[in-house]
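Student: Could we go through this structure together, with the reasons behind each label spelled out as we go?

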Amino acid sequence: KPEISGMNIEIINAFIRKAPEFHIKYGSEMLPTPRLFKYLEDNTVQVVFGMAKNAEREKLYQYTDVPLYPVKFSFVVRADDREIHHISSFEEIKHSGGTVLGVRASNAIRLFEKKTRHLGIPTEVVPTIEQNFRKMFAGRGRYFVYNNYSLIDGAKVFGFYDKIVMIPLVL
């Protein structure tokens, strides 16, 4: 199982160093969003990093007052699909063809669908980052939209980092 690293892990480790009296135990793994919500609900996990804030989630969960880091919803494409590396608008995505992939229950795909409904761009969702990368490289999706940190971390963890390019378009 690949080891996950990054800003979230550094924050947790710093907290553990500063407050050892809390005897914090943690695990670090990328989970499908629906499973993450289930784990929060049944108290399997108590703290989650990197969950986007929205009105619906604020009714259920407590967020920090100050965001730990800014998150943008970005798009990645295959590095060998050079004709779309310049894409910077939804209309260009529509014109270029192909399906936009997203993680089920994520704000990124919901926002994309809301903003592009009038364009009729096909979308498809699956539970995990890894599944989306595999679909894209199997030719079953041309774009993958998600938060920029998780796209990069997921690409590193699952072996796609050198095979993708982040395009200029940001939600």
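Tutor: What follows is a set of questions about the labels, each answered from its definition.

Tutor: The model is predicted, with local features needing pLDDT of at least 70 and side-chain atom pairs counting only at pLDDT 80 or more, while totals for chains, interfaces and linings use all residues. Residues are numbered from 1 along each chain as its sequence is written, and side-chain values use heavy atoms, with hydrogens and water left out.

Student: Why is Ser150 called buried or exposed?

Tutor: Buried means under 20% relative accessible area, exposed over 50% and partly exposed in between, with a 1.4 Å probe and protein chains only. Ser150 has 18% relative accessibility, and therefore counts as buried. Ser150 is found in helix α7, residues 148-157, where helices are DSSP runs of H or I with at least four residues and strands are runs of E with at least two, numbered from the N terminus. Residues up to four places away in sequence aside, Ser150 touches Met30, Ile129 and Ala155, contact meaning heavy atoms within 4.5 Å.

Student: What makes Lys135 buried or exposed?

Tutor: Lys135 has a relative accessible area of 7%, so this residue is buried. Lys135 lies in helix α6, and its contacts, leaving aside neighbours within four places in sequence, are Leu101, Glu124, Val126, Arg140 and Gly141.

Student: Why is Phe22 called buried or exposed?

Tutor: With 54% relative accessibility, Phe22 counts as exposed. Phe22 lies in the loop between α1 (7-18) and α2.

Student: How do you know that the buried residues of α2 line one face of the helix?

Tutor: In α2, residues 33-41, the buried residues are Thr33, Leu36, Phe37 and Leu40. Seen down the axis of α2, they fall within an arc of 100°, so they line one face of the helix; the arc is that of the directions from the helix axis to the C-beta atoms. As a general rule, an α-helix has 3.6 residues a turn, so residues three or four places apart point the same way. What covers the buried residues of α2 includes α3 (55-58), β2 (100-103) and β4 (143-147).

Student: Which residues touch the most other members of the largest nonpolar core?

Tutor: A nonpolar core is a set of buried Ala, Val, Leu, Ile, Met, Phe, Trp, Tyr and Cys residues joined through side-chain atoms within 4.5 Å. The largest one has 30 residues, and those touching the most other members are Phe75, Ile93, Val100, Phe112, Phe133, Tyr143 and Phe144. Among the elements that each supply at least two residues of this core are β1 (73-78), α4 (90-96) and β5 (164-170).
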